[in-house]
Amino acid sequence: MSAPILSVDHVGVRFGGLVAVADLHFDVAEGEIVSLIGPNGAGKTTAFNVMTGFLKPSRGQVRFRGTALGGLQPHAIARLGLARTFQRTSVFPDDTVFDNVMIGLHRRGSSEPRPGLLDAVLGRDAAAERRLRARALDLLDRVGLAARAGEKAGALSYGEQRLVGVALALAGEPAMLLLDEPVSGMNASETQVFVRLIRAIRDRGVTILLVEHDMPMVMAVSDRIAVLNHGRLIAQGPPAAIRSDPAVIEAYLGQGSAAREAARRAASAPETSDA
């Protein structure tokens, strides 16, 4: 078997005397869609932040394509090909959808060389800008927003604004994309659109790891699921195994009526194929 694209090797995170993550270990194979789930306070976001350089682990190591990520800044990790989205997506509501993506691309920096005086005289700066604009349109097309490019971003639904964030995450052509609660706050229709997008992104060769609370969505889209509870990995495997795992059911049943409903929905959610 080939080496995993992402390896979380016995990672632990402490905040003073509080253990947020304890001995977390799992791998993600290239081309997989893997979900990291668990009740509120299980340590999912902390683990995500370690993987993307926003937190330093107290112990253990995360490796991406064999490179240890410990000590690397988020921008350096992104340059390696590991991108992420965030729970909150901010747009400039009075600017167009297209201009929002252009602003994001300029902020992230273009791969074009910085133009000098001769470049400006010969029009090379304008050519680089045209290539950047074409890139922005391509990104919007990939997330299904090309037809909305000229509209004000503030006119987009919440789910569509999240798609703008995905477009920017894809700007660097990452090998792996980490999605932090991508369908939180979306309605059922928006969630279905996002599930199709996740599969389309994977089909273009991007490995995906997501943290999510929407259990039917997780069961439908995931190749494998890893389950955290109180900072510890309690189960991992395909959806069919996770939905009936006694430790997983107990973890959710102990969290109150909302979690009981989530567990019930997870157990009854139909499996869907990519076909």
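Two strands are taken to pair if DSSP finds at least two bridges between them. Strand β4 (residues 59-64) and β5 meet this criterion, since two bridges join them, and the two strands run antiparallel. Within this pairing, Arg 63 stands opposite Ala 68 of β5. The model described here is a predicted one.

The chain contains eleven helices and ten strands. Of its 275 residues, 48% count as buried. Among contacts between residues at least 6 apart in sequence, 67% join residues that are at least 24 apart.

The pairing of β4 with β5 belongs to an open sheet of four strands, ordered β2-β1-β4-β5 and paired in the antiparallel sense. The edges of this sheet are formed by β2 (18-28) and β5 (67-68); each has a single partner strand, so one side of each is left without a neighbour in the sheet. Helix α1 (residues 44-51) lies across β1 (6-15), β2 and β4, and runs at about 120° to β1. This helix is mostly covered, with seven of its eight residues buried. The buried residues of α1 are Lys 44, Thr 46, Ala 47, Phe 48, Asn 49, Val 50 and Met 51. Just after α1, Gly 53 adopts a positive phi of about 85°.

A second arrangement of strands is also present. An open sheet of six strands follows the order β6-β7-β8-β3-β9-β10, and its pairing is mixed. Its edge strands are β6 and β10 (232-237), each of which pairs on one side only. On average, neighbouring strands of this sheet are turned by 20° against each other, direction ignored. At one edge, β6 and strand β7 (residues 176-180) pair in the parallel sense over three bridges. Here Arg 84 is placed opposite Leu 178 of β7. Helix α10 packs on this sheet, where it touches β3, β9 and β10, and its direction makes about 130° with that of β10.

Strand β3 (residues 33-37) is mostly covered, five of its five residues being buried. The covering extends to both faces of β3: Ile 33, Ser 35 and Ile 37 are buried on one side, and Val 34 and Leu 36 on the other. The strand pairs in the parallel sense with strand β8 (residues 207-211) over four bridges, and Ser 35 has Leu 210 as its bridge partner in β8. Four bridges likewise join β3 to strand β9 (residues 224-229), again in a parallel run; in β9, Arg 224 is the bridge partner of Val 34.

Edge strand β6 (residues 82-84) includes Leu 82. With a relative accessible area of 3%, Leu 82 is counted as buried because this value falls under the 20% limit. Neighbours within four places in sequence being set aside, Leu 82 is in contact with Leu 6, Met 51, Phe 64, Leu 69, Ile 77, Met 176 and Leu 178. The C-alpha atoms of Leu 82 and Arg 65 are separated by 9.7 Å, the two residues being 17 apart along the chain.

Helix α10 (residues 246-253) holds the buried residues Val 248, Ala 251 and Tyr 252. These residues cover an arc of only 90° around the axis, which puts them on the same side of α10. An α-helix has 3.6 residues a turn, so residues three or four places apart point the same way. The face of α10 turned away from the buried side carries Pro 246 and Glu 250, both exposed. The N-terminal end of α10 is capped by Asp 245, of which a side-chain oxygen lies 2.9 Å from the backbone nitrogen of Ala 247.

The largest nonpolar core comprises 49 residues, of which Val 101, Val 143, Leu 177, Phe 194, Ile 198, Ile 201 and Leu 210 touch the most other members. Helix α6 (residues 158-169) gives the most to this core, contributing six residues. Apart from this core lies another, of 29 residues, including Val 8, Val 34, Ala 175 and Leu 178. Beyond its neighbours within four places in sequence, Leu 210 is in contact with Ile 33, Val 34, Ser 35, Leu 36, Phe 48, Leu 179, Ile 198, Val 218 and Val 221.

Conventions
Residues are numbered from 1 along each chain as its sequence is written. This is a predicted model: local features need pLDDT of at least 70, side-chain atom pairs count only at pLDDT 80 or more; totals for chains, interfaces and linings use all residues. Side-chain values use heavy atoms; hydrogens and water are left out. Buried means under 20% relative accessible area, exposed over 50%, partly exposed in between (1.4 Å probe, protein chains only). Contact means heavy atoms within 4.5 Å. Axes are lines fitted to C-alpha atoms, for helices over the stretch in contact, and angles run from 0 to 180 degrees between N-to-C directions. The arc is that of the directions from the helix axis to the C-beta atoms. A polar contact is a pair of N or O atoms within 3.5 Å; within protein, one must be able to donate a hydrogen and the other to accept it, and residues adjacent in sequence count only if both atoms are side-chain atoms. A nonpolar core is a set of buried Ala, Val, Leu, Ile, Met, Phe, Trp, Tyr and Cys residues joined through side-chain atoms within 4.5 Å.
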